[in-house]
Amino acid sequence: MLEETVFPVTGILPARGSLMLDLVFLAMFAVVPLLGLSIYLAKQGKYQAHKTLQLVLGIVLLIAVTAFEIDMRFFTDWEALAKPSKYWSDAFPNPVKLTLWVHLCFAVPTFVLWVVVIVQALRKFASPPTPNAHSHFHKKVGYLAAGGMTMTAVTGWVFYYIAFVA
């Protein structure tokens, strides 16, 4: 029987996370404040700056999430990295997996909300953007998306700690 080769963790943080896990973990520390800045710009009437920042964030997050999903599905065995956690359990409920499910309950709907907010904004606001009949919907759903992104970050940080640090 061949022994399984254990490869060293290639992350950049002093934890068991992979490079992609570490990068996403760290990136969210920039995304949340930039999202707050974007909302501030809109409140100041700087709609073009708000639009530009939102599009940049949206594109960067789409690329990051796509790369992250490819890495998690084909290259990184996150469960093997998480098994040394003091919170890992082979019995039900597994606190690590439970924390991941809570995170996904925010991440998936937030992704959908962001797509809706961005696509509708591109369709319904002029260029350069100015307030119009779509503004009320955009503001309401945009705040939901921002709250979702904040909770996605917070629950992602908790998951990372529980799975790869503890």
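How many aromatic pairs does a search of the whole structure find? I ran the search on this predicted model, and the count came back as 7.

**Aromatic pairs.** I looked up Trp78 and Phe159 next. Their ring centres lie 5.6 Å apart with the planes at 70°, so I entered the pair as edge-to-face, the cut-off being over 60 degrees. Trp78 sits in helix α3 and Phe159 in helix α5, so this pair ties together parts 81 residues apart in sequence. I then checked burial: Trp78 is buried at a relative accessible area of 16%, and Phe159 is buried at 9%.

The next pair I took was Tyr160 and Phe164. The ring centres are 5.5 Å apart and the planes stand at 55°, so I noted this pair as tilted. Tyr160 and Phe164 are 4 residues apart in helix α5, about one helical turn. Both are buried. I also listed one aromatic cluster, formed by Phe25, Phe29, Trp78, Trp88, Trp157, Phe159, Tyr160 and Phe164.

**Cores.** Which residues of the largest nonpolar core touch the most other members? Of its 17 residues, I found these to be Leu21, Trp78, Ala82, Val96, Phe159 and Phe164. The elements giving two or more residues to this core are α1 (19-43), α2 (47-74), α3, α4 and α5 (135-165). I noted α5 as the source of the largest share, 5 residues.

For Leu21 I set aside neighbours within four places in sequence and found contacts with Phe68, Met72, Leu81, Tyr160 and Phe164. Apart from the largest core lies another, of 15 residues, including Leu57, Ala145, Met149 and Ala153.

**Helix α2.** I checked the span of α2: its 28 residues reach 40 Å from first C-alpha to last, close to the 40 Å expected at 1.5 Å a residue. I listed its buried residues as His50, Leu53, Gln54, Leu57, Gly58, Leu61, Phe68, Asp71 and Met72. Their cover includes α1, α3, α4 and α5.

**Ser85.** Is Ser85 buried or exposed? I found Ser85 buried, because its relative accessible area is 5% and the cut-off is under 20%. Ser85 lies in the loop between α3 (78-82) and α4 (95-124). I looked for polar partners of its side chain: a polar atom there lies 3.0 Å from the backbone nitrogen of Tyr87, and the backbone oxygen of Ile162 lies 2.5 Å from a polar atom of the Ser85 side chain. Not counting residues up to four places away in sequence, Ser85 touches Arg16, Val96, Ile162, Ala163 and Ala166.

Definitions and conventions:
Residues numbered from 1 in each chain as written. Predicted model: local features only at pLDDT ≥ 70, side-chain atom pairs only at ≥ 80, totals over all residues. Heavy atoms only, no water. Buried < 20%, exposed > 50% of the residue type's maximum accessible area, 1.4 Å probe, protein only. Polar contact = N/O pair within 3.5 Å; in protein donor to acceptor, adjacent residues only side chain to side chain. Contact = heavy atoms within 4.5 Å. Core = buried A, V, L, I, M, F, W, Y, C linked by side-chain atoms within 4.5 Å. Expected span 1.5 Å × (residues − 1). Phe/Tyr/Trp six-rings, centres within 6.5 Å; stacked < 30°, edge-to-face > 60°.
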